[in-house]
Amino acid sequence: MIAFIGKKIFVEERNLKTTMMIKDGSGNLVERVMPNFDSRYEARYRILDWVVEPESPRPEIDFTAYDHYSNPRFPKVETPLLFLEKHDGQWFHSKYLFYDVSKTTDGDWAICGIPDRYKGNGDEGLDFVEPLSFLKPDIEKPCISGTRAKRIFDYQNVTRFLPDQWHRACNLQLGYPTNTFIGTGSHPTAKEEKDAARYKVCIDKKRFEAFR
């Protein structure tokens, strides 16, 4: 996982053509173009500042992004904080995850307020906030505190990235697919209930090891 503040060079929709051979009414195999579940975008950004660098940082970076609603929001932000993950040697945008950051008076990048993008988790994220002032303050909505870009990454790491890694690792350890939520069905079996308890122990252990 890497993170950076960037400036858009281009973001272009480039959907891949997916086809499938199916039988028509006469029993003949014909090729059909399948609809895409998500729209695909190719992007290039100029790096303004690294928050978490790759092994070989460059002044520009190319990545792929997907958006189910065909209307990605991050290209509309002038200086977004973006998070990328690497798969098979290519960078991909962590879906829907970005922040609209601004320059602070001490030369850093930050947002006003807490790093919870959905503002629905009560006071979660308050520990990452500190007094800040911005170079271009919003006169209508004065801001006296905020979260620096590095601390935004720390917040996401604690609340999203690490738990996702723990979830996949514990599922694999128990012999389940990585995207399974063990014991959450309406009528879990005795084995599933037992595995759910083992899963919780596994998660608690990884959390303890990460923050001890």
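## The largest pocket

Strand S7 gives five residues to the lining of the largest pocket, the largest share from any element. Keep in mind while browsing that this is a predicted model. The space in this pocket comes to about 1000 Å³, and 35 residues line it. If you would like to centre your viewer there, the lining residues nearest the pocket centre are Val77, Tyr99, Asp100, Val101 and Ile111.

Which elements give two or more residues to this lining? They are strand S5 (60-67), strand S7 (90-100), strand S8 (102-103) and strand S9 (109-112). Sorted by class, the lining has 20 nonpolar residues, alongside 11 charged and four polar ones.

## A sheet of four strands

Two of those pocket-lining strands, S8 and S9, also belong to an open sheet of four strands. Its order is S8-S9-S11-S10, with antiparallel pairing. Which strands sit at the edges? S8 and strand S10 (130-131) do, each pairing on one side only.

Let's walk across the sheet, starting from S8. Two bridges pair S8 with S9 in the antiparallel sense, and here Ser102 stands opposite Ala110 in S9. The next step takes us from S9 to S11, an antiparallel pair joined by three bridges. Ala110 turns up again at this step, standing opposite Arg148 in S11. Finally, S10 and S11 run antiparallel and are joined by two bridges; at this end of the walk, Glu130 stands opposite Gly146 in S11. As a reminder of what holds such an arrangement together, strands of a sheet pair through backbone hydrogen bonds, either parallel or antiparallel.

## The helix across the sheet

Helix H1 spans residues 149-174. H1 lies across two strands of the sheet, S9 and S11 (145-148). How is H1 angled with respect to S11? The helix runs at about 75° to that strand.

## Disulfides

The model has two disulfides. One of them is formed by Cys112 and Cys143, whose sulfur atoms are 2.1 Å apart. Cys112 belongs to strand S9, while Cys143 lies in the loop between S10 and S11. With their positions 31 residues apart in the numbering, the pair links distant parts of the chain.

Why is this disulfide right-handed? The torsion about the S-S bond of Cys112 and Cys143 is about 110°, so the disulfide takes that hand.

## Strand S9 in summary

Strand S9 is a handy place to end the tour. S9 gives residues to the pocket lining, pairs with S8 and with S11, has H1 lying across it, and holds Cys112 of the disulfide with Cys143.

Definitions and conventions: Residues are numbered from 1 along each chain as its sequence is written. This is a predicted model: local features need pLDDT of at least 70, side-chain atom pairs count only at pLDDT 80 or more; totals for chains, interfaces and linings use all residues. Side-chain values use heavy atoms; hydrogens and water are left out. On a 1 Å grid over the protein atoms alone, a cavity is a set of points where a 1.4 Å probe fits but cannot get out, and a pocket is an open set with protein on both sides within 12 Å along at least five of seven lines; lining residues have an atom within 4 Å of a point. Grid points are joined across faces, edges and corners, and a volume is the space filled by probe spheres set on the points. Ala, Val, Leu, Ile, Met, Phe, Trp, Tyr, Cys and Pro count as nonpolar, Asp, Glu, Lys and Arg as charged, and the others, Gly among them, as polar. Two strands pair if DSSP finds at least two bridges between them. Contact means heavy atoms within 4.5 Å. Axes are lines fitted to C-alpha atoms, for helices over the stretch in contact, and angles run from 0 to 180 degrees between N-to-C directions. A disulfide is a pair of cysteine sulfur atoms within 2.5 Å.
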